[in-house]
Amino acid sequence: MAERTSRMEPGGAARAAENPSGAGPPAVREPPIAGRALRSDARHNRRRILEAARAAFAERGIDVPMVAIARRAGVGPATLYRRFPTREALVAEVFADEMAECAGLVDEALADPDPWRAFCTVLTEVCAMQAADKGFTEAFLAAFPDSDGFDERRVHVEHGLDELVRRAKGSGRLRADFAREDLVLVLLANGGVATSDPETTRAASKRLVAHLLRSFESGGGSGELPPAPPIGLGQLYRLPGD
């Protein structure tokens, strides 16, 4: 009987080695190491950009040059713009958690059966967030129509604040001539208490809000104010980091 010559199509030896049984689909190959490393580098760069932007916005506000943020993150401007094509996209991403926290505070206050306490709590907590992060109020008061959900959350917060004001007035504790625009004035005033020391800034914010709440309450309010912060006139024009 003539010997049968074994023939194998090109690549057959390699497939046989990968799947010696000859049954079933060939083994799934892992993506190249270089590809996995690239995705890891992209995630790492994105995280560094967000961390650098968060720190820069907290110190100097949201108008920090994008080039300065890229430099702080240790990446090139092209890398930054590839991840975040616009400043609005970067700001919305950086403050997404703070906006969600702010919305949560308002929702919790709306569930409080005491309208005046709910109003005071929200105003105090939001101003504390602002004192800790200079960029938060700038982001909150700005409009980002192209962001994913940021503006929707802000509108949700605004409607909740309107309802808290309405309820507090209805209870007789909030003076009748308080206007929605007064909330913006509070944020603008609170934004002016920034000092070179974060602890002093928080203390100054807390005392300012206590003063304002007294003036907002029908009858002038009562109770003891928080301690005065250790600040003097010489600090009025000192910026954080000076």
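These are my notebook entries on helix α7 and its surroundings in a predicted model.

Entry 1, extent of the helix. I looked up α7 and found that it runs over residues 115–132, which makes 18 residues. From its first C-alpha to its last I noted a reach of 26 Å, close to the 26 Å expected at 1.5 Å a residue.

Entry 2, the N-terminal end. I then checked what caps α7 there, and the residue is Asp114, of which a side-chain oxygen lies 3.2 Å from the backbone nitrogen of Trp116.

Entry 3, burial. Trp116 itself is on the list of buried residues of α7, which I copied out as Trp116, Ala118, Phe119, Cys120, Val122, Leu123, Val126, Cys127, Met129, Gln130 and Ala131. For the two cysteines I looked up the values: Cys120 counts as buried because its relative accessibility is 14%, under the 20% limit, and Cys127 counts as buried because its value is 0%. I also searched the whole structure for disulfides and recorded 0.

Entry 4, cover. I asked what lies over these buried residues, and the cover includes α6 (96–110), α8 (134–141), α9 (150–170), α10 (181–191) and α11 (198–216).

Entry 5, the packing against α10. Two packed helices are described by the angle between their axes and the distance between those axes. For α7 and α10 I noted that the axes come within 10 Å and cross at roughly 35 degrees, and that the crossing is right-handed. On the α7 side the residues that meet α10 are Phe119, Leu123, Val126, Cys127, Gln130 and Ala131, while α10 contributes Leu183, Val186, Leu187, Asn190 and Gly191. Cys127, with its 0% relative accessibility, is thus one of the α7 residues in this set of contacts.

Notes
Residues are numbered from 1 along each chain as its sequence is written. This is a predicted model: local features need pLDDT of at least 70, side-chain atom pairs count only at pLDDT 80 or more; totals for chains, interfaces and linings use all residues. Side-chain values use heavy atoms; hydrogens and water are left out. A disulfide is a pair of cysteine sulfur atoms within 2.5 Å. Buried means under 20% relative accessible area, exposed over 50%, partly exposed in between (1.4 Å probe, protein chains only). Helices (H or I, at least four residues) and strands (E, at least two) are DSSP runs, numbered from the N terminus. The expected span of a helix is 1.5 Å times one less than its number of residues. Contact means heavy atoms within 4.5 Å. A polar contact is a pair of N or O atoms within 3.5 Å; within protein, one must be able to donate a hydrogen and the other to accept it, and residues adjacent in sequence count only if both atoms are side-chain atoms. Axes are lines fitted to C-alpha atoms, for helices over the stretch in contact, and angles run from 0 to 180 degrees between N-to-C directions. A crossing is left-handed if the near helix is turned anticlockwise from the far one by less than a right angle, and right-handed if clockwise.
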